[in-house]
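Biologist: I should like to request a close look at a single part of this predicted model, namely one of its sheets and the side chains around it. Please describe it in connected form, so that a first-year student can follow it with the structure in view.

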Amino acid sequence: MPDAPPQRPHTIALLQHACSPQKQKNVDTCVEMIREAASCKAELIVTQELFASRYFCQTEDDRRFALAEPIPGPTSQRLCEVAAELRVSISASLFEKRAAGVYHNTSIMIDPAGKIIDRYRKMHIPDDPRFYEKYYFTPGDLGFRSQTLDSGLRTGMLICWDQWYPEAARLTTLRGAELLLYPTAIGWYTHDASSDRGPGTHGETPETRAAQLQAWQTVQRSHAITNGVYVAACNRIGVEDELEFWGSSFVADPSGAIIAEAPGDQPAVLLAEVDVTSIEAQRIGWPFLRDRRIDAYGEITHRLLD
């Protein structure tokens, strides 16, 4: 049999933008950016986390559940139509209404025919000041997974807080993912004098801000290195209530090098080339998967080893 033709690089696009209180306006903005990305030959286009609304998890408010939709639903259907029209794949982050009282933070993968081919429900759910996600989201129950796109690129969808967990990146890689996708809504606390919470609540220092941004990038670059995969993180921008989102969406290659990065405060259609042929050479040089002591890791399922 003749040798298979060499696999060409894949062009991906991350959509970074601010969000308004109007859901329809946010969806329209996203669709416009999808069109721009497709015109630049992107074959996979990735939204930021919960792109259709402002980040509502800053407070516990039962009225915010009205933002959720079933999947399929109006927003996913519109994205399916756009994907089919432009012949692109889209990974979109949505607030899913699964059933009365059961809601998820969910990413879907849409193929160029406009069909939803997979979904991932966020596994790690934070519960911190201004990130009260446990009130809104049921933890994911679909496990860590990968999807093979029409182009042959194998992707794994993860979401925001999952970024900090090496177990999530490793298990998604073991499912075959070559590119880890992290739609994100992360930012700094910015003080609002009209809602003063007392001493020590006047925002974060420039030093703290720089350290948080660096930690966010570093941990994800480490996932790229230790798994020998590409990593793409797509964050929002703008000030919403008490959070200032830091943008800085980026793509890292299997060596951990950042090959594309968006500004911290401007909308962007961030393009990057993913050359999966580089993965094998990287893993041969740094054979972390080969040298894993899988016989010795049984205790990882314990919370602590007291």
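Modeller: In this predicted model, a convenient place to begin is the pairing of strand E11 with strand E14, residues 243-246, which is antiparallel and runs over three bridges. Within that pairing, Tyr-189 has Leu-243 of E14 as its bridge partner.

These two strands belong to an open sheet of three strands, whose order is E11-E14-E13 and whose pairing is antiparallel. Strand E11 (187-189) and strand E13 (237-240) occupy the edges; each has a single partner strand, and therefore one side of each has no neighbour in the sheet. On average, and with direction ignored, neighbouring strands of this sheet are turned by 20 degrees against each other.

Let us turn to the side chains, starting with Tyr-189. Arg-130 lies over the face of this ring, at 3.9 Å from the ring centre. Tyr-189 is also one of the residues in contact with Glu-204. Glu-204 is placed in the loop between E11 and helix H4 (206-227). Leaving aside neighbours within four places in sequence, the contacts of Glu-204 are Trp-188, Tyr-189, Arg-209 and Gln-212. For Trp-188 and Glu-204, the separation is 16 residues in sequence and 7.0 Å in space, taken from C-alpha to C-alpha. Glu-204 has a relative accessibility of 27%, so it counts as partly exposed.

The next strand to examine is E14, and in particular Phe-245. The charged end of Arg-236 sits over the ring of Phe-245, 5.4 Å from its centre. Phe-245 also takes part in an aromatic pair, and the count of such pairs comes to 20. Its partner is Tyr-55: the two rings are 6.1 Å apart, centre to centre, with 75 degrees between the planes, and the pair is edge-to-face. This pair links distant parts of the chain, since Tyr-55 is in the loop between strand E2 (44-46) and helix H2 (74-86), whereas Phe-245 is in strand E14, 190 residues apart. Tyr-55 and Phe-245 are both buried.

Another aromatic pair may be set beside this one. The ring centres of Trp-161 and Tyr-165 are 6.3 Å apart and the ring planes stand at 70 degrees, so this pair is edge-to-face. Here the accessibility is as follows: Trp-161 is partly exposed, at 29% relative accessibility, and Tyr-165 is partly exposed too, with a relative accessible area of 27%. Aromatic residues also gather in a cluster, formed by Phe-56, Phe-65, Phe-95, Tyr-103, Tyr-135, Tyr-136 and Phe-137.

A final remark concerns the cysteines. The structure holds zero disulfides. Cys-19 is in none, and the nearest cysteine sulfur to it, that of Cys-30, is 9.0 Å away. Because a disulfide requires two cysteine sulfur atoms within 2.5 Å, that distance of 9.0 Å does not qualify. Cys-19 is buried, at 7% relative accessibility. Cys-40 is likewise in no disulfide; the nearest cysteine sulfur is again that of Cys-30, 15 Å away. Cys-40 is partly exposed, with a relative accessible area of 36%.

To return to the sheet, two of its residues deserve to be located in the view: Tyr-189, with Arg-130 over its face, and Phe-245, with the charged end of Arg-236 over its ring.

Notes:
Residues are numbered from 1 along each chain as its sequence is written. This is a predicted model: local features need pLDDT of at least 70, side-chain atom pairs count only at pLDDT 80 or more; totals for chains, interfaces and linings use all residues. Side-chain values use heavy atoms; hydrogens and water are left out. Two strands pair if DSSP finds at least two bridges between them. Helices (H or I, at least four residues) and strands (E, at least two) are DSSP runs, numbered from the N terminus. Axes are lines fitted to C-alpha atoms, for helices over the stretch in contact, and angles run from 0 to 180 degrees between N-to-C directions. Rings of Phe, Tyr and Trp (its six-membered ring) pair if their centres lie within 6.5 Å; planes under 30 degrees apart count as stacked, over 60 as edge-to-face and the rest as tilted. Buried means under 20% relative accessible area, exposed over 50%, partly exposed in between (1.4 Å probe, protein chains only). A charge sits over a ring if NZ of Lys or CZ of Arg is within 6 Å of the ring centre and within 35 degrees of the ring normal. Contact means heavy atoms within 4.5 Å.
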